[in-house]
Amino acid sequence: MPTLFTDRRSGHSRAPYESFNLALHVGDDSLVVAQNREKLASLSAPLQFMNQVHGDAVVVIDDLVNEPTADALITQNPHIALAVMVADCIPLLLVSDSVIAAVHVGRRGLVNGIAVKTVNKMRELGASHIRAELGPSICGKCYEVPQDLADEVALLHPVAMSMTIFSSPALDLPRALVAALEAVGVSSQVSPVCTLENPNYFSYRRHNITGRTAGVIWL
Ligand SMILES: [Zn+2]
């Protein structure tokens, strides 16, 4: 099951998007974004995007459709590729022989359990031996949050509790997601890249107005 995670280095978006932005909703030139999406589709398969809202909707698609409002897409169609866009959140790709998924997991997605919900849905559709790939996202040392928010997340996901190098409260979303997936029998491969630290990636924490990279999976 091929997977790929884009970075900023091979596109034409305009400043402040600079390169290979794939998102239409961030104010970039839509023609340029369309070109970037075409380029990405040529490397994978016709792309299905979704309108991500940090919710817990999981949508199963059989063919290309107008962007559904969802934070997880599942398909069994070998002729389309699923894309999840991020700028600091985790692009989660779930791989199995016959069913695949692309999932958007940020703080709210971790709390609402969208990843496990997606795994359960894939299993209903006959998936076995699901494994996970977590693409580049903001790391547990960089994702500083107010103490009350850290406490709230830690109630459900104690291993999410982290600290910045200045000892202020932070959340380690990848670590918590890996633990949540492990608990339902899904092993993970995690990118070592932090999107805030590495300038080759878009980071919402670095620039409020920024582009989006994508995680892409196809059968
Ligand atoms: Zn970091």
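This briefing looks at Leu-177 and at strand 6, which holds two of the residues Leu-177 touches. Please keep in mind that the model is predicted. Leu-177 sits in helix 5, which covers residues 173-182, and strand 6 spans residues 90-95.

**Leu-177 and its surroundings**

- Leu-177 counts as buried because 26 C-beta neighbours lie inside 10 Å, where 20 or more are needed.
- Leaving aside residues up to four places away in sequence, Leu-177 touches Ile-90, Leu-92, Val-105, Leu-110, Ala-115 and Leu-134.
- Lys-39 is 138 residues from Leu-177 in sequence, and the C-alpha to C-alpha separation in space is 30 Å.

**Strand 6 and its two faces**

- Strand 6 is mostly covered, with 6 of its 6 residues buried.
- One side of strand 6 carries Ile-90, Leu-92 and Leu-94, all buried.
- The other side carries Pro-91, Leu-93 and Val-95, and these are buried too, so that both faces are covered.

**Partners of strand 6**

- With strand 7 (residues 100-105), strand 6 pairs in the antiparallel sense over 5 bridges.
- Strands 6 and 7 make a hairpin, with 4 residues between them.
- With strand 8 (residues 131-134), strand 6 also pairs in the antiparallel sense, here over 4 bridges.

**Leu-92, where these threads meet**

- Leu-92 stands opposite Val-103 in strand 7 and opposite Leu-134 in strand 8.
- Both Leu-92 and Leu-134 are among the residues that Leu-177 touches.

Key:
Residues are numbered from 1 along each chain as its sequence is written. This is a predicted model: local features need pLDDT of at least 70, side-chain atom pairs count only at pLDDT 80 or more; totals for chains, interfaces and linings use all residues. A residue is buried if 20 or more other C-beta atoms lie within 10 Å of its own, exposed if 12 or fewer, and partly exposed in between; C-beta atoms are placed from the backbone. Two residues are in contact if their C-beta atoms, placed from the backbone, lie within 7 Å. Two strands pair if DSSP finds at least two bridges between them.
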